[in-house]
Amino acid sequence: MTDINDNIESPLILKVSFNKLLKYYEDSAGSEDEFIATRAKRVLEIAEAYPELREGFTAIQTLKDRKQEIGIILQDSFSPVLTKNEIKTASVPFHNLIFNKSERFKNIIKTAGEGFELQIKNMPEDYRYIIACTIILNFCYGYNLSFKRPFYYEIPDANGIMRYYKIMYNADFCEIVPTKDAPKITQEDYEELLDNFENLELWKEKFPPNSYMFKGFVISNIFDVTDDQSISNIKSTLIGEDKQRKDETFMEGFYEIFRSLLGINDIKVGFSIYNQEENTFEHVYETGVSSFLLGDHEKEDCCKALCDWSHNRLIKEHKYFSISDVDKVYKKTGGKVPQIKALYEQGIKSAIFAPIANDEGLMGILEIVSNRPKVLNSINANKLVDVMPYIVSAVERSKAEEENLIEAVIQKECTSIHPSVHWRFAKEAKEFIKDEMNGKEARFRKIAFDGVYPLYGQIDIKGSSEARNKATKQDLTLQLNAVKNVFKKALEIEPLPIYEQFIYQVKNYLKGLKDHFQVDSEQQISEFFKQEVDPIFQHLSKVDGLGELIESYHNSIDDKVEVLYKHRKDYDETIATINQEMASLLDKKQEDAQGMYPHFFERFKTDGVEHNMYIGESITKEDSFNLLYLYNLRLWQLQVMCEMENAYYQMQSGFPISLDVASMILVFNQPLSISFRMDEKQFDVDGTYNARYEIVKKRVDKAFIKGTNERVTQKGKISIVYSQKQDEIEYMRYIKFLQDKNYLDDDVEIVELQDLQAVTGLKAIRVSVLYHKNENDKSFYTYDDLMKEIKA
């Protein structure tokens, strides 16, 4: 590059000129102060000898050729007395070309290293042209458009730590004049530009390239603002978006900011959360965030993580403390101080622990550590005073976000409001807040949906009560026999009549379990173990010959329920697994159904899985509902129930107990109204007529076929309960379709049900499900055939 205007697109033709500075010296030449006048005359003589210094030039070579003369002209502006203290340069605007600099600036650049390239930060390349235009508007037309963004240099020091230098421009020695090619800017042009800052083409139209002449130079007064900029960077980082804070590079950037603030190049920053309820320190959730206080521990009791003094200092007084030499303190205390031991084992040599606390108490600990001794200490710890308010604010916000997240999880998992109706709750919540803020009596209004069609289905575990009773009898029998054996052995060692009485009592309980197990039998026998057997066994455990037998008995007892829990555990685990697997499958299938047409959905785990669905215009909030979507959802439901049956029997062999399931669908062909019951936190049907639907739903799976003792629900079959002929016709179409797809067998039967309380005229279509041994099996079996295959 030979010309300072090369490779630069700008409305300004740049010329280095000292004309305005020389005019100052012309005034000073007539000063009564002889020294000032002599100095001014010397400068003017040099300018007269080299007229280009006044007239201006663009050749870079001229800067090199006239370096000495320029130095003399600028000598008063760059005082030799202050040159090692001031950071100062002379240059042209919007250019990295510097032609005069103070000694301190030279040393800063030299320290940065040979490959360092000086660049102005915070001046976007795209905006340089427009910024130049705003300066022209000010200089030539008197429009004071403020674009005073702070400009910076980022320059590393000898230790590689980034330092920040703010640039303040002195433009007293600049002149800007329009060339003959410059369009005159009118008030109308000015007003148009006010609303079009980013429209570069418009600015170029009003200020064509090279249409104004810049003569002069600028003096940059530069200040080290590393501390202030580090604090600002910490503030910006902490209020950044969550997705940024979870990025893997976040912590490394955070380290760099603290390195600049403290002037130490090898520090690391950690955090630990204070859990007031449990009085523990815990790791931060975000990945990449370490805790040097906790090390590898997920959480730690505060009293175990800190010594008494530091515990009081951080948690009660909310004051920081430092360890400038970890190794020295470790040797002095013999490694008995927990926080010193934790740091020592991680190879940390010095550290600062600062409490993150507000008026409500401690929220966490900021941990700054270094692998060098002495570099972190109680002196530089004071620098944290300026940044701690921002860290406190960030942690307060993070805690609020965490609480909101926890509430969202609780709402989703425990008191879920289905996405299809969330809009209605949000609407009422806004009204509630509005009333509250306006001083009105805030009341959450009734949430109801009219004209919706219900769908209900269940996959029920058959004989679950009998299976649990059987498991209970087996466990109690095992435990009673174990007790009987201990008393028999005790009777051999010490023939006391009381042992005989206990043996008799145990035999009575065993007989009762075998002959007539009742609802309260389990409770009676459990109380017998707890109130009578346990105290005696505690005594007998000291008797020679009984200790080992009693220890074996205690080993068979479950610590949580305090009884023998083997067969009941198998039963409970089987029920829980069935419910979990069936619910997960249904939830996954529901995602597809919601994509077809939005509808309300909820499910419940009992001895099996039940589900409710409601579909209609009032739920979707859009004028798009058609009965086609109801029919589609009914077909989807029937098909998914077949798939759930298949999935169950494919995994049945992996369950501790072999149980069967039976599926049922309830059809209700009239639209009804549902409303959200605040007391029970769930939707329920509205109106007396609609209540009939709920009655049928609760009782129908226990209904018998008319004139028989046979339940309507049977293993291996799906039962579709209905009351209207058109429902029968509709579902027979679906059944024929699914028969063709090998979901259902051809043994369709239509049966009448015995009357339920206040409900008559119910019928059911029953049809066998066709099963596959696995997902890839193209063969299909009825329930009986499948059982034979499994046994074979």
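These exercises work through strands and aromatic rings in a predicted model.

**Exercise 1.** Determine which strands pair with strand 20, and which residues stand opposite I674.

*Solution.*
- Step 1. Locate strand 20, which covers residues 672–677. Of its 6 residues, 5 are buried.
- Step 2. Look for the partners. Strand 16 (residues 448–462) pairs with strand 20 in the antiparallel sense, over 3 bridges. Strand 21 (residues 682–685) also runs antiparallel to strand 20, and 4 bridges join these two.
- Step 3. Find the residues opposite I674. F449 stands opposite I674, and in strand 21 the bridge partner of I674 is V685.

**Exercise 2.** Classify the aromatic pair of F321 and F353, and explain what the pair ties together.

*Solution.*
- Step 1. Take the distance. The ring centres are 5.4 Å apart, and the cut-off for a pair is within 6.5 Å.
- Step 2. Take the angle. The planes are 50° apart. Under 30 degrees would count as stacked and over 60 as edge-to-face, so the pair is tilted.
- Step 3. Place the residues. F321 lies in strand 13 (residues 321–323) and F353 in strand 14 (residues 350–358), so the pair ties together parts that are 32 residues apart in sequence.
- Step 4. Check the burial. Both F321 and F353 are buried.

**Exercise 3.** State how many aromatic pairs there are, and which residues the ring pairs link into a cluster.

*Solution.*
- Step 1. The count comes to 33 aromatic pairs.
- Step 2. Ring pairs link a cluster of F487, Y499, F502, Y509, F528, F529, F537 and Y553.

**Exercise 4.** Find which lysines lie over the faces of F78 and Y129.

*Solution.*
- Step 1. Over the face of F78 lies K88, at 5.6 Å from the ring centre.
- Step 2. Over the face of Y129 lies K204, at 5.6 Å from the ring centre.

Technical notes:
Residues numbered from 1 in each chain as written. Predicted model: local features only at pLDDT ≥ 70, side-chain atom pairs only at ≥ 80, totals over all residues. Heavy atoms only, no water. Buried < 20%, exposed > 50% of the residue type's maximum accessible area, 1.4 Å probe, protein only. Helix = DSSP H or I, 4+ residues; strand = E, 2+ residues; numbered from the N terminus. Pairing = 2+ DSSP bridges. Phe/Tyr/Trp six-rings, centres within 6.5 Å; stacked < 30°, edge-to-face > 60°. Lys NZ or Arg CZ within 6 Å of the ring centre and 35° of its normal.
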